[in-house]
Amino acid sequence: MWLAMYHYCLEIHIYGGDAALESELQAVAPMERFEHEIRTFDHITVESLAECDIAIFDLPVERPCRELRGICKKGAELVFCADFREGLPERAADFDDIWQKPFTPGLAAFRFRRLLERIKLKKDKRFVSNCLDVAIDSVPDLIWFKDVRGAHLKVNNAFCSAVGKTKNDVQGRGHYYIWDLKQEEYEQGEYVCLETEEIVLREKKTRAFDEKVKSKHGLRQFKTYKSPIFDEDHQVVGTVGIAHDVTDLKNMLTELEIVLGSMPFGILIKDSDGSVASVNEKFLHYFGLEEGQILGRNYDVWKHDTLGGNMRITEDGAAEACIGINGSNMILAIQREEIRDIFDNQVGELYTYRDVTTERMLEAQVLHHTNTDFLTGLHNRR
């Protein structure tokens, strides 16, 4: 048997069969993605057994079936041909299939075709399972499949790394054992994600959640996506989950918020859709806003409604706006910078709002003193 991206050639050996049996089997077309070669031997040899995927014994077999399996290829199918009129031999039950003799025309071909279909089904299952294992193990996110009772049926390597257990340890077990939870944590549902599983099973659709999990690497923050799995009758039989570890990203955003919050000027971040993604406390103070009043709004619409005709462009091309806050006016210098990703694609914009009220007042005073007499206040010749 050889495999080239799922294509098999089966070696089929008939021991003791006559030419009529081989001829009937040769007439059976191979399954899709399969081909087979049939040869007939007048006696059993170790060399021929070691090469075959299907061994059909049409002669007395003295060796135990277990010994024959040890000689054949792994997973080889062993078929025993017997005359049921003489009673079924005791050892015949150890074989994978039994063909009745004498052969009725077409019966051997029928049984042979069913045997090929069963082999193809097993190969298909193994191939799909291998593809699934390779696919999920190549993903750095945690992936798991569970039944409706919460038992884990399949997990990937990233999942095993997070819980510190092997796939054999995890298979068939639930959260309580896998995540090494304390009894009170399990009963309270803390760090267990039981509620989100129930939501997916109840709503029968994919849902996204933000979940905290206790792992071998400490508390982790996950962005999880969970979907129901249906059977042929559209009944939910389990769930599949994918968890992306965003702990480091959350920590980075927290650090970024700390940095932005410590800035002595207002900061606003606009995303690629034009919506306000983030602001710092200084910005909220300038405009007397709460986060909920600005986050998610279209920035251009907000700017037009809030600043409107109070904006002007200075000689150097910068933008300034005059706003009223706490009964007094404030002049803000507005600067825009593009935010680009590692591929140099623009993914947003950063705006800084700097209070330049004092600077503009001093500039006005200097200009006034330059053009007027200091004592009288009258305009001089210049």
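**Reasoning through a predicted model**

Colleague: What makes strand β6 (residues 142-147) and strand β7 (residues 152-155) a pair?

Modeller: In this predicted model, β6 and β7 are joined by 3 bridges and run antiparallel, and since a pair needs at least two bridges between the strands, β6 and β7 qualify. One of the matched positions is Lys146, which stands opposite His152 in β7. The hairpin that β6 and β7 form has 4 residues between the strands, and there Gly150 takes a positive phi near 95°.

Colleague: What makes β3 and β4 a pair, and in which sense do they run?

Modeller: Strand β3 (residues 54-57) and strand β4 (residues 77-83) share 4 bridges, which satisfies the requirement of at least two, and the sense of this pairing is parallel. As an example of one matched position, Ile54 has Glu77 in β4 as its bridge partner.

Colleague: Why do β2 and β5 count as the edges of their sheet?

Modeller: The sheet is an open one of 5 strands, paired in parallel, and its order reads β2-β1-β3-β4-β5. Each of β2 (34-41) and β5 (97-101) has a single partner strand, so one side of each lacks a neighbour in the sheet. Between neighbouring strands of this sheet the average turn is 20°, with direction ignored.

Colleague: Which helices lie across this sheet, and how do they run?

Modeller: Helix α1 (residues 19-26) lies across β1 (8-15), β2, β3 and β5, and runs at about 175° to β2. Helix α4 (residues 107-137) lies across β1, β2, β3, β4 and β5, and its angle to β5 is about 175°. Angles over 145 degrees count as roughly antiparallel, and about 175° puts α1 against β2 in that class, as it does α4 against β5.

Colleague: Why are α1 and α4 called oblique to each other?

Modeller: Their axes cross at roughly 50° and come within 9 Å. Because roughly parallel stops under 35 degrees and roughly perpendicular begins at 65, the crossing of roughly 50° falls between these classes, and α1 and α4 are therefore oblique. The crossing is also right-handed, and where the two helices meet, Leu21, Glu24 and Leu25 in α1 are in contact with Leu107, Ala108, Ala109 and Phe112 in α4.

Colleague: Which residues touch the most other members of the largest nonpolar core?

Modeller: That core has 22 residues, and Leu25, Ile54, Ile56, Trp99 and Phe112 touch the most other members. At least two residues come from each of β1, α1, β2, β3, β4 and α4, and α4 gives the most, with 6 residues. In soluble globular proteins, nonpolar side chains tend to be buried together. Taking Ile56 as one case and leaving aside its neighbours within four places in sequence, its contacts are Ile12, His13, Ile14, Tyr15, Leu25, Val79, Cys81 and Trp99. There is also a second, separate core of 20 residues, which includes Leu268, Tyr286, Ile323 and Leu332.

Colleague: Why is Arg33 called partly exposed, and what is its phi?

Modeller: Partly exposed covers the range between 20% and 50% relative accessible area, and Arg33 has 42% relative accessibility, so it counts as partly exposed. Phi of Arg33 is near 70°, a positive value in a residue other than glycine, and Arg33 is placed in the loop between α1 and β2. Most residues other than glycine have a negative phi, and most peptide bonds are trans. Another such case is His234, which has a positive phi of about 60° although it is not a glycine, and which lies in the loop between β9 (218-230) and β10 (236-245).

Colleague: How do you know whether the peptide bond from Lys101 to Pro102 is cis or trans?

Modeller: The omega of that bond is near -5°, and the bond is cis. Pro102 itself lies in the loop between β5 and α4.

Colleague: How do you know whether Lys212 is buried or exposed?

Modeller: The cut-off for exposed is over 50%, and Lys212, with 54% relative accessibility, therefore counts as exposed. Lys212 is found in strand β8 (residues 207-215), and its C-alpha atom is separated by 8.9 Å from that of Lys223, which is 11 residues apart along the chain.

Colleague: How many helices and strands are there in the protein, and what share of its residues is buried?

Modeller: The protein has 13 helices and 16 strands. Buried requires under 20% relative accessible area, and 37% of the 382 residues count as buried.

How values were computed
Residues numbered from 1 in each chain as written. Predicted model: local features only at pLDDT ≥ 70, side-chain atom pairs only at ≥ 80, totals over all residues. Heavy atoms only, no water. Axes fitted to C-alpha atoms, helices over the stretch in contact; angles between N-to-C directions. Contact = heavy atoms within 4.5 Å. Core = buried A, V, L, I, M, F, W, Y, C linked by side-chain atoms within 4.5 Å. Buried < 20%, exposed > 50% of the residue type's maximum accessible area, 1.4 Å probe, protein only. Parallel < 35°, antiparallel > 145°, perpendicular 65-115°, else oblique. Left-handed = near helix turned anticlockwise from the far one by under 90°.
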